[in-house]
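Work through the exercises below with the structure open beside you. Try each task before reading its solution.

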Amino acid sequence: MFRILWSIVIAIGLAFLFLPLLAVFFSMPIGTLFRELNTAASYQALQLSIKTSVSALIVILLLGTPIAYWLARSNFRGQSLVRAAVQMPIVSPPAVAGVGLLLVFGQSGLLGHAFSLFGISLSFDTSAVIIAQMFISAPFYIHAAMQAFAAVDGQLLTVSRTLGVSRWSTFWRVTIPLAAPGLLSGAALAWGRALGEFGATMMFAGNLPGITQTLPLAIYTAMQSNFNVAVAMSALLLLVSFILLILVYMLGRTTHVNRTVKKGVRKKHAVLSTSQITS
Amino acid sequence: MLSFQLRKSLREFTLDVKLNVPAHTLALIGHSGCGKTTLLQLLAGLVHADDGFIELDGKTLFDAKQTVMLPTERRNIGMVFQNYALFPHLSVGDNIAYGLQGVARAEIAERVRDVLRMFQLESLSEAKPNTLSGGQQQRVALARALVKRPKLLLLDEPLSALDVETRGHVRAELRTQLDQIGIPCIVVTHDYEDARVLGQEIAVMDRGIILQRGEPEEVRERPANRFVAQFVGTNWVADDQVSETCGEEETRVLSFDPWHAVVTRGPVSAERQWRGRIRDRALYGHALRLWVDGDVPLIADVSSHTLRESSFEVGEDVCISVASEHIRQYVTRAQSADEERRDASIFVRDEPSEKQTQVGELWRPASRICFLRSPLTAAVALIAAVGVGASVTTYSHAQGAGANQAGHSTTLTAFVAANATDPFNAIIQAFEQRHSGVFIQASYTGTQILQTQLQQGAPDDLFLSADLSHIAQIKKEGLVTQFYPVSHDKEVIVVPKANPAHITSLADLGRKPVNLIIGVTSVPIGKYTREIFQKANAVYGSAFSTDALAHVVSEEVNVKQILEKVALGDAGAGIVYQTDVTPTLRSKVTVIPIPATLNVIATNYIAVPVHAPHPALANALLRMMVSAKGQAIFQQFGYQPLSTVGGNG
């Protein structure tokens, strides 16, 4: 009896999560879907979306990893304050984030004004899309990475140092391989969030095809004139996100942490094969 | 040879230890929290001492006076942790080889093979640590520390993670291994038995200072004070029966082993006897150990055959005596903790001059690493990094954009209210046909977002506003000098094809129960809808407006959302712009006109911002839109003809 109830609850939950997204695919015949999609505009938007979200992800990894490591490993006054502040973009409405970004990076903004003196304009440019995506999705990565780093036993890092390995090298040879699954899922989450980012991009970067019109913005624009195109593009966005997320998770599962170590470290760090050791 | 003197203030006491350890094993024992693990961390460089020095084989690892602090990774100290801390992602072989950096591959293989053989781990070289038993893990941890050929080996509670059965066996094994390595070795333990087996020498520690140091047997037989005696499990009594003192700082004491104590219920005729009450009892092998509280706390073992005759219970009063041949009498310095500290605070370095030569290459604490430790500076550094990274990106992008402009094409940017998406796309086509090499990019969004973006200095050539108030605001701020009406539109009622609420006219919205969806007041459609309702009050009765608004189930920010909800049948009726009902939507909704006398004309306005990058072309576009040709395109999409064309405001 309990089993049946259990399965029903799970089935209802899954249906709730899947059906709205599946509906996008079945609202029109596949042929129509493809015909509506087959426009330069949607390819352009897809291309831009992938380009910007991947760029955003790279910057997030570069900037977010040290922040996450610092938050996970150090102890200082006001640490929980910083941790909470880092999560703020998750809870702030995207339009608010967009306004905030304009106030900082806009041409009359805090930093934007200084940049504009050098002829650099960040807003309403492809880089603005990347910034908006970074701002919105970085907390997802930082949060996951922070937990992954915190879960790495500090004693392993200590023992590594007693074995004569520097902190930097220890980071690559111990911390990263052990935190890899968490980092990977954080990156996947952040990347997915960046791909679907709409509100802040619309506000901060504008809606210019080929420059700032990412797939979600193209969907919004298509809704103004042709609902079918909008649905078709939504299907495309879902499909692309789904495929890439699946790839990331598969990568996470098949990548043996060991291999990450070997790949991550170029110098020969004494990784031995069975034959060498037992011969 | 290790020699050090270290002082470090801890939370409850000050750690203050001076020791010389030759190439043998010193077992450091004390209760948990006595500072022994901290001492290991100080030696390994994991914790910074307040004062003192560490010298290993003539090399200075730490010297507070000369601010020398060699980092952990350069001290060449092997360390084995309580839980062994094996890298879970590496095999046994890789764990052992981990620290061998900058060593030739062949030599790594050979050295790893040697230690694998020494610790009988050959068959496990490919195994992952989590598949090993506690004893095996301990051997791997030891092998990993020793393969680096350290000058000093530190073991922190190496046996406490093992279960009782394997413990004895592993302990004996570890003793053999430690005897072979021939370097100074410090084993920290809280168990005297471990210390006795492992250490050639033991040091008893309490609250940060060493109370006694010596060979295990010597410490057990002649404990320096009561604490040591209790720790090693023997009896220590200040000999008050001996009246003469040997000096002010020295006390005559006697000690005897618990198995020589004789426990009786009544007094006996022995020379030395003490009375007391049994506080606790426990079985120790073949004997029952009793803890007796009296004038002096004592321990006594009762052998099991005595036990059968008379069992001693907790709370019983007993008499403990010992035969004089089992008593060890000796003199110990009555050393108080304060005196010990006074001693230790005189820091004298042996031969300090010779070490100067090595100091040059040593790491000093006041180096660049320190400032990165402050979170504030780190945060500033990160923000700076963001700034630099972003500017580099934009700069390269700006370069690229500049290259584009060098060609013959010009790109105009237009900010267009989303409701004008379709006609404006047609206008773009028409304009681009007439002006070759000119491309128009349009950003379609809500007017209020476009307004914000303009206020933030977005580079824009043309602004099409769906609302008078927004463009008027822009004008007030001096961002545009003049704006013009460009298109007229009117409102209609839309109902689903099935029309479940049977709406046939505007009047029905107030009369019949219907799920009505209108625009929110802040967007033009919402404002116009309310104006229409107000006007209708005069015709349909003064309650119409209130009644109709009472039927509203949702206020949307976007006309398209009103239309979609009506088309999907979620709403019984909605009020939208006529032009929004595209041919596709006409198959799903029915349009009900609003009487012209009650309708409100919705006007779109256009303007060229003063900072437009391409003002000439932008003005050409503006003129084209208000010309007959442009208006024809608007009418094609259902807009009303412009009755008057001219400046506004």
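The exercises that follow concern a predicted model, beginning with chain A and moving on to where chain B meets chain A.

**Exercise 1.** Describe the secondary structure of chain A.

*Solution.* Start with the count: chain A has 14 helices and 0 strands. Then read along the sequence: the pattern is α-α-α-α-α-α-α-α-α-α-α-α-α-α.

**Exercise 2.** What percentage of the residues of chain A count as buried, and what supplies the area that chain A exposes?

*Solution.* Buried means under 20% relative accessible area. By this cut-off, 47% of the 279 residues of chain A are buried. Next, take the surface: chain A exposes about 13700 Å², and 73% of that comes from carbon and sulfur atoms.

**Exercise 3.** Give the extent of the interface between chain B and chain A.

*Solution.* First, the residues: 71 from chain B are in contact with 65 from chain A. Second, the area: about 6100 Å² is buried between the two chains, with carbon and sulfur atoms giving 61%. Third, the residues of chain B that lose the most area to chain A are B:H89, B:Y98 and B:Q456, together 12% of what that side buries.

**Exercise 4.** Which residues form the salt bridge between chain B and chain A?

*Solution.* The count is 1 salt bridge. A:R161 pairs with B:E73, and their closest N and O atoms are 2.9 Å apart. Then look at the side of chain B that touches chain A: helix α13 (residues 375-406) of chain B gives the largest share, 10 residues. Finally, sort that side by residue class: 32 are nonpolar, 26 polar and 13 charged.

Methods
Residues numbered from 1 in each chain as written. Chains lettered and ligands numbered in written order. Predicted model: local features only at pLDDT ≥ 70, side-chain atom pairs only at ≥ 80, totals over all residues. Heavy atoms only, no water. Helix = DSSP H or I, 4+ residues; strand = E, 2+ residues; numbered from the N terminus. Buried < 20%, exposed > 50% of the residue type's maximum accessible area, 1.4 Å probe, protein only. Areas by Shrake-Rupley, 256 points an atom, 1.4 Å probe, with all protein chains shown as cover. Contact = heavy atoms within 4.5 Å. Buried area = accessible area lost by both parts, 1.4 Å probe. Salt bridge = Lys/Arg side-chain N within 4 Å of Asp/Glu carboxyl O. Nonpolar A, V, L, I, M, F, W, Y, C, P; charged D, E, K, R; others polar.
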